[in-house]
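Me: I'd like a close look at one part of this model, the internal cavity and the elements packed around it. Could you walk me through it, starting from the loop residue I keep looking at?

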Amino acid sequence: MIHTKIEHFEREYADTHHDTALNVSEGVSDQPIVNPYFVRKKRRRLTTEEYVAGILEGNITTLSQAITLIESNNPEHYAQAQEIIEQCLPHSGKSVRIGITGVPGAGKSTFIEAVGNMVTSLHHRLAVLAIDPSSERSGGSILGDKTRMESIVHNPDVFVRPSPSAGSLGGVARKTRESIILCEAAGFDVIFIETVGVGQSETAVHSMVDMFLMLQISGAGDELQGIKRGIMEMADMMVITKADGENVHKAQLAKAQYQNALHLFPLPESQWRAKVYTCSSVDKVGLEEVWNGVEEYLDHIEANGYFEANRNRQNKYWMYETINETLKNNFYRNPAIEACIEGVEQRVLDAKLSSFIAAKELLDIYFGK
């Protein structure tokens, strides 16, 4: 009996303890990643009056939260955002709005960082609204401008807000226009709007800024190749970036070519002939000349009345744009449309109904005909 138990114990020990030093004990079970005792406190939602008071005091946190409300698709957030904008509107309009665009790789973020630090040294407060392209598949954005602008984000006189384009035309929509109003009410007197790149977004940016600045690089093949004439006609100033090292001569050559091309265009309504500058954002060369050019242009359009006339035209434009967007959103959120739109869409896909007749049917339902 005892002998049998010993043999059984030896077999069991042999099964679990082999002649190796690599045995691993089971250890303790995995611990939870999140503290089980942690309770997330729900942040109290600010009232409209609290938002407005914080913005007028220049509180960056409150300003950021208010812009988040503007960007939200929640109808409740939209309603409160409009109330905030309405109360901030009398305190806006006292800034210079500059749109900055350029081909990918032109150094837009580096340029904004270098010029931004120089602008704040002249006792200005700068807000940078950077539009990041959203993925067409996932809808997500990297929002990496704060990472690229390492020094400017720590400047107390600078507010950087990267925003997703969210699939809107060219990455710029009404939400950017409304964000400008809040930034102005918060005391920022220079607003930079960085676009996604050369494309259809430039038209939208042009409709909300006082000056349109285009960045280009030299040494990338034919300097005028692939640049839309419409984009160049909109530019009030062109800057050849990365004019440093061995690239200085190429930058000067590109400057001459662009200047000659711009002289072929008819004089715009502002009566200002666009000028071309060169600069190096890394070496901090030519930045003062660029900013002096900006001030020269602004003095010119204020003197001839174009500044105010352009602002009035933009206000009218965005009134109609807001009407169009509101009607569109109201149409798709209508319960009667939501109930039948998939069926009508399927009939179009099955070639049982033309696109135009389908649209008329849906509009008749919407208008109750």
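Reply: Sure. Bear in mind that this is a predicted model. Your loop residue is His263, in the stretch between helix H10 (248–262) and strand E7 (275–278). Its relative accessibility is 47%, so His263 counts as partly exposed, the band for that running from 20% to 50%. Arg273 is 10 residues away from His263 along the chain, and their C-alpha atoms are 7.5 Å apart.

Now to the cavity. Searching the whole structure for cavities of 30 Å³ or more turns up one, and the largest cavity holds about 40 Å³ of space. Its lining is made up of Ile98, Ile100, Phe111, Val115, Phe192, Leu213, Val290, Trp291 and Val294. Strand E1 (96–102), helix H5 (108–121) and helix H11 (287–303) are the elements that each give two or more residues to that lining. H11 has the largest share, with three residues. Sorted by class, the lining comes out as nine nonpolar residues, with no polar and no charged ones.

Let's take H5 next, since Phe111 and Val115 are both among the lining residues. This helix is mostly covered, with 11 of its 14 residues buried. Phe111 and Val115 are in the buried set, and so are Lys108 and Glu113. As for its geometry, 14 residues at 1.5 Å a residue should span 20 Å, and the end C-alpha atoms of H5 are 20 Å apart, so the two agree. After the helix comes His123, which has a positive phi, near 70°.

Leu213, another lining residue, takes us to strand E5 (residues 211–217). Here seven of seven residues are buried. Both faces of E5 are covered: Leu213 shares one side with Met211, Leu215 and Ile217, while Phe212, Met214 and Gln216 sit on the other.

E5 also has strand partners. It runs parallel to E1, and five bridges join the two; within that pairing, Gly99 has Phe212 as its bridge partner. E5 is also parallel to strand E6 (residues 237–241), again with five bridges, and there Gln216 stands opposite Ile240.

To pull the cavity picture together: E1 gives two or more residues to the lining and is bridged to E5, a strand whose Leu213 is buried and lines the cavity too.

Note on methods
Residues numbered from 1 in each chain as written. Predicted model: local features only at pLDDT ≥ 70, side-chain atom pairs only at ≥ 80, totals over all residues. Heavy atoms only, no water. Helix = DSSP H or I, 4+ residues; strand = E, 2+ residues; numbered from the N terminus. Buried < 20%, exposed > 50% of the residue type's maximum accessible area, 1.4 Å probe, protein only. 1 Å grid on protein atoms, 1.4 Å probe; cavity = no way out; pocket = protein on both sides within 12 Å on 5 of 7 lines; lining within 4 Å. Points joined across faces, edges and corners; volume = space filled by probe spheres on them. Nonpolar A, V, L, I, M, F, W, Y, C, P; charged D, E, K, R; others polar. Pairing = 2+ DSSP bridges. Expected span 1.5 Å × (residues − 1).
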